[in-house]
There are 2 protein chains.
Amino acid sequence: MSKDLPTNAKSRRRPEQVTLSQVAQAAGVSPITASRALNHPDKVSTSTRQSVLQSVERLGYVPNLVAGSLASSRSRLIAIIVPSLINSVFVEIIKGLQETLEAQGYQILLGNTDYDLDREYQLVRTFLGWSCSALVTAGLRHNDACRTLLANWGHPIMEVMELGKGMDLNIGLDHTAAGRCMANHLIDRGYQRIVYVGARLSHDYRAGMRYLGHKKMLKAKGLEAPLLELNTLGSLQAGAESLAQVLKDYPATQAIHFANDDLAAGALLAAQRQGLSVPDDIAIAGFNGLPLGQHITPKLTTILSPREAMGRLAAQELIRRLSGKSVYRRQHDVGFTLQVGEST
Amino acid sequence: MSKDLPTNAKSRRRPEQVTLSQVAQAAGVSPITASRALNHPDKVSTSTRQSVLQSVERLGYVPNLVAGSLASSRSRLIAIIVPSLINSVFVEIIKGLQETLEAQGYQILLGNTDYDLDREYQLVRTFLGWSCSALVTAGLRHNDACRTLLANWGHPIMEVMELGKGMDLNIGLDHTAAGRCMANHLIDRGYQRIVYVGARLSHDYRAGMRYLGHKKMLKAKGLEAPLLELNTLGSLQAGAESLAQVLKDYPATQAIHFANDDLAAGALLAAQRQGLSVPDDIAIAGFNGLPLGQHITPKLTTILSPREAMGRLAAQELIRRLSGKSVYRRQHDVGFTLQVGEST
DNA sequence: TTGAAAGCGCTAACAG
DNA sequence: CTGTTAGCGCTTTCAA
């Protein structure tokens, strides 16, 4: 009886699972050689490699990545933590990441915090337990426990979405500047009574930062900067409802600066249904640059953010870091573009 | 020197990593008792449990899930494989799954096949290597290698989206019936010259199944069932462009049955821009029941599918199975609802 | 309720 | 280029 195929009573082996040792035995080599043939093909002779691969095929061997990760303390797992999957913005970032990472043989562990920093901490703990190769998280805000945990982690951490003092790598855009930019555009267009509408700004604090920029710009011009904060999540429906609210609370409003395109498009379509002319009766602006905004009439004025590109770039930087290259930038400003439509 | 803290030269331990043994030692118990205190709290005395938890806290212990999974061959990892992340339909299913699974302490390994069955096979192989507790995959089509691999896997497999002869568990709806239903509605409305427009039906074969139902219904009424297949993915833009194409290829068309709401909404908005009246000049119908359809004017006639609910139900059935309950149904028909708008 | 011993399947380290 | 040895950190099995 071979030592590779224990039969003693205490064995806990899954009976059906084909192991690397079996493959090695079938190929007439040692387990470590079989391991090399699969993971470092160049460190093994061609003939050895081929006979190992043949045995793999014949036996239907599926590598046990759990065992491999434990032994090597590397996992090719990348944790991605987002605050929401409803918001298409995060999905697009995931898409950009996923596309690039999967092509390089990394797998994605996905977590959703629902905008809860304690939940984020729990997810981070779990993901560290999986020996992830890197962690991607949306935003720069974390609780203390989370920061402590990550402080000495030793693997790349990528914080995406907004720009600032990150823990490690950081890719995003300046939301305050974006808010300022749109406010400036509205003022330029001649609007003076401008309301900002956002949804749950304590959660979606990046929308809050845009409001801050907006407010600063308006104050600088001697204008008031009223804010309507909705208690629901951003959606077409919420946008439609907010329009009525704004017109009730601030009847003289000339323009509404929405925190995102969903809200803005919802309001725009609602305005149309009510026979209001956009932008003559009310001007509407959004943020994100969703395709929808360019298909409705009038076209939505918005700020385009390169979300998928942000995900791709984040993935590229991570891969560069993970492959030991030291030539990388700690921070990337992906910028934004004011897209002037016909709604302002 | 304790045997739990080896100092010999061959040790491969990560110096900083706190292990369960260290926690156990600090708490004055054996490693296995510490393990039980964390994973089976009821199998340990209250005082032991508390002192272990205290040591965990004090030392900042983070369980190594890789080691735990190897030892127990259980991982609390659920693999989700979808063909696309652009299509919001899959994202909503992921959301439903994620919400339910994460609440039960499962983590999600996400894979994207890009509608490629060979890629799916690779992903499945990788995920099996992670000792996933279960696998969720979109659709019933897989290649032979994939089927072989999964045939004796021994863990729950959930195939979502369409209904049919699944490998294990199956949740979805009857797409052929949905296509028939919408065709029937259009005929009822008095339309006779109806074009079906889909995007890449060999990839999005569920849209192809809906076309089949559509065609059958039309043929049964003695009507032709012309098909326009687009080479791009479904999007507002593609929908807008397809409208012109249909009007060119089939000038007498009275109604267009689109494979999904993105295409339909794109066409509807394009029609408006061109001054075409919907449904008088051209009727438009979609599939999915996206919110957008209910916010444009005229409201889009569509078929509502319960996508998030499908994800949630799938997760619930999986959890039921994983917790050893035998009371579960192999197949769930989540149905669909014809939502008659003003666009037909 | 607790512990001792023995692995889970793989790879790092070192030697040849 | 290949093999030997010894773990990775945890949980199973069995015994007390």
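Okay, let's start where the two chains touch: in helix 4 of chain A, Val66(A), Ala67(A), Ser69(A) and Leu70(A) meet Val66(B), Ala67(B), Ser69(B) and Leu70(B) in helix 4 of chain B. "Meet" here is contact, meaning heavy atoms within 4.5 Å. By class, that contact has six nonpolar, two polar and no charged residues. For the classes, Ala, Val, Leu, Ile, Met, Phe, Trp, Tyr, Cys and Pro are nonpolar, Asp, Glu, Lys and Arg are charged, and the others, Gly among them, are polar.

Quick housekeeping: this is a predicted model, where local features need pLDDT of at least 70 and side-chain atom pairs count only at pLDDT 80 or more, while totals for chains, interfaces and linings use all residues. Residues are numbered from 1 along each chain as its sequence is written, chains are lettered from A and ligands numbered from 1 in the order in which they are written, and side-chain values use heavy atoms, with hydrogens and water left out.

Back to the helix 4 pair. Helix 4 of chain A packs against helix 4 of chain B at about 135°, axes 9 Å apart. Axes are lines fitted to C-alpha atoms, for helices over the stretch in contact, with angles from 0 to 180 degrees between N-to-C directions. So helix 4 of chain A is oblique to helix 4 of chain B; under 35 degrees is roughly parallel, over 145 roughly antiparallel, 65 to 115 roughly perpendicular and the rest oblique. Helices, by the way, are DSSP runs of H or I, at least four residues, numbered from the N terminus.

Now, inside chain A: at what angle do helix 2 and helix 3 of chain A pack? About 90°, with the axes 9 Å apart, so helix 2 of chain A is roughly perpendicular to helix 3 of chain A. The residues of that contact divide into six nonpolar, two polar and one charged.

On to the DNA. 32 residues surround strand C, and the closest are Arg13(A), Leu20(A), Ser35(A), Tyr61(A) and Thr33(B); near means a heavy atom within 4 Å. Sugar and phosphate make up 65% of the strand C atoms that come within 4 Å of the protein. The surface near strand C has ten nonpolar, 13 polar and nine charged residues. Helix 2 and helix 4 of chain A, and helix 2 and helix 4 of chain B, each supply at least two residues of that surface.

Which atoms sit by the phosphate oxygens of DNA strand C? A polar side-chain atom of Asn39(A) is 2.6 Å from one, and a backbone N or O atom of Ser45(B) is 3.0 Å from one.

Note on methods: Polar contact = N/O pair within 3.5 Å; in protein donor to acceptor, adjacent residues only side chain to side chain.
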